[in-house]
Amino acid sequence: MADGRRRAFIGSFTAAGGPGIVTAQVDVDSGALTVLSSVNAVPDPSCLTLSPDGGTLYAVSETADGAVAAYRVDGDKPEPAGRPVPVDGSGPTHLALFAGHLLTANYGSGSVTAVPVRPDGTLVRSASGVLRHTGAGPHTPRQQGPHAHQVQPDPSGRWAVSVDLGTDSVRVCTLTDGTLALHRETALRPGSGPRHLAFHPDGSHAYVVNELSPSVTVCRWNAAEGALTSLCETAVLSGAPARDAYPSGIATSPDGRFVWTATRGEDVLSVLAVEGEGLRLVTTVPCGGHWPRALTASDGFLYVANERSGDVTWFAVDPRTGVPRRAGSIGVTAASCVVLG
């Protein structure tokens with residue numbers, strides 16, 4: 001940030017009483033968060049992302065109509081930078097910047113949208129393209145049709161990768177002149193319900209956390225060909241999971257030695273060690289609240305947005321073992337994500 005302080009931005013579900021977007025100051029030594037402000041400009045800003053220069057924050061509006069919004073974040077309170085832009089899809093759950101566009105994964109409509117971004121960081125008033133997914137899965141009623149849950153660029157910046165819970169697949173896409181096109185689709189185990197994907201720091205592997213079967217699918221990634229290949233699957237829980245055990249977030253350590261996941265219902269964080277082209281479950285620890293919706297790793301700390309208990313908890317990570325230790329929390333009603341600038 002311009003004043004040298006580090007900040008975190010926390011999304012929430014306003015329909016469940018959340019405050020909108022919360023800004024918090026980050027203590028770089030302890031990882032502790034201190035709330036500075038909140039802004040409620042669009043309904044249900046459940047997912048956020050920052051521009052590379054840290055000056056603009058983008059938010060989805062996870063509603064039936066679906067929209068994205070931009071904010072200036074030079075001060076302690078985000079200021080809207082233009083009106084929200086429709087994404088021509090319903091229930092956008094994730095967003096990412098890619099090739100001069102803001103992409104959204106629209107869970108309700110099972111699609112990915114591209115909205116052009118101007119040089120000053122503001123959004124063009126309409127989407128340039130929508131890629132509609134097709135397919136279904138064996139798990140009813142969750143997989144009666146496509147449900148795009150995440151979209152992000154690959155580490156090379158050449159491809160956009162979208163994860164679809166409804167079709168048990170990951171799509172690799174191109175973006176040319178504002179138009180998204182499918183390059184390749186990788187099928188995962190039927191009924192697994194892939195939710196989010198995190199790349200290994202070396203860019204050669206990707207880890208897909210599955211919501212409908214508490215596990216992570218390890219994949220090999222070939223950036224030259226835009227090809228994702230499924231290798232193996234590892235459980236994120238020891239023993240039989242609870243009936244309502246639904247993994248959500250996933251993150252990798254900067255040194256590539258560990259993968260962390262969060263599981264709702266069980267309300268735990270899982271520590272998985274990277275061993276060659278596989279993973280080994282090391283342990284699980286309580287997430288510090290109830291219904292951990294998102295997980296963010298930053299500078300030796302993990303931040304967990306606990307949706308139903310209404311708090312954000314941070315953990316200090318042991319660099320040798322990868323095991324997180326609870327260090328503190330702040331209250332944020334219906335918290336849904338944490339982004340650090």
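Ser 12 sits in strand β1, which covers residues 7-12. In this predicted model, Ser 12 has a relative accessibility of 0%, so it counts as buried. What does Ser 12 touch once its neighbours within four places in sequence are set aside? Part of the answer is Gly 18, Pro 19 and Gly 20, then Asp 44, Pro 45 and Ser 46. The rest of the list is Val 332, Thr 333, Ala 334, Ala 335 and Ser 336.

One of those partners, Ala 334, has a backbone quirk of its own. Ala 334 has a positive phi of about 55 degrees, even though it isn't a glycine. You'll find Ala 334 in the loop between β28 (324-331) and β29. Asp 267 is another non-glycine residue with a positive phi, again about 55 degrees. Asp 267 belongs to the loop between β22 (258-264) and β23 (268-275).

Are Asp 267 and Ala 334 buried or exposed? With the cut-off for buried set at under 20% relative accessible area, Asp 267 is buried at 16%, and Ala 334 is buried at 5%. Here are the buried residues picked out in this report, with their values:

| Residue | Relative accessible area |
|---|---|
| Ser 12 | 0% |
| Thr 252 | 18% |
| Asp 267 | 16% |
| Ala 334 | 5% |

Thr 252, with its 18%, is in strand β21 (residues 246-252). The C-alpha atom of Thr 252 is 6.7 Å from that of Ala 198, and the two residues are 54 positions apart along the chain. Ala 198 is also a contact of Thr 252, as are Phe 199, Pro 201 and Tyr 207. The other contacts of Thr 252, leaving out neighbours within four places in sequence, are Phe 258, Val 259, Trp 260 and Ala 297.

There's one more backbone item to look at: the peptide bond joining Thr 140 and Pro 141 is cis, with omega at about 0 degrees. Pro 141 is in the loop between β12 (129-132) and β13 (148-153).

Now for the nonpolar interior. Which residues touch the most other members of the largest nonpolar core? They are Ile 10 and Leu 33, in a core of 31 residues. Strand β29 (residues 335-340) is the top contributor to this core, giving five residues. Apart from residues up to four places away in sequence, Leu 33 touches Ala 8, Ile 10, Ala 24, Gln 25 and Val 26, along with Tyr 303, Val 312, Trp 314 and Ile 330. There's also a second, separate core, made of 14 residues, with Phe 258, Ala 262, Val 285 and Leu 295 among them.

Zooming out, how many helices and strands does the protein have? The count is zero helices and 29 strands. The radius of gyration is 18 Å, close to the 20 Å that the globule rule gives for 341 residues, so the protein is as compact as a globular protein of that length. Its C-alpha atoms fill a box of roughly 45 × 45 × 35 Å along the principal axes.

Of the 341 residues, 59% count as buried. Among contacts with a separation of 6 or more, 47% come from residues 24 or more positions apart. The accessible surface is about 12700 Å², with 50% of it belonging to carbon and sulfur atoms. As for charges, there are 25 positive and 31 negative ones, and their mean positions are 2 Å apart.

Technical notes
Residues numbered from 1 in each chain as written. Predicted model: local features only at pLDDT ≥ 70, side-chain atom pairs only at ≥ 80, totals over all residues. Heavy atoms only, no water. Core = buried A, V, L, I, M, F, W, Y, C linked by side-chain atoms within 4.5 Å. Buried < 20%, exposed > 50% of the residue type's maximum accessible area, 1.4 Å probe, protein only. Helix = DSSP H or I, 4+ residues; strand = E, 2+ residues; numbered from the N terminus. Contact = heavy atoms within 4.5 Å. Rg over C-alpha atoms; globule rule 2.2 N^0.38 Å. Areas by Shrake-Rupley, 256 points an atom, 1.4 Å probe, with all protein chains shown as cover. Lys, Arg positive; Asp, Glu negative; His and termini not counted. Charge placed at Lys NZ, Arg CZ, Asp CG, Glu CD.
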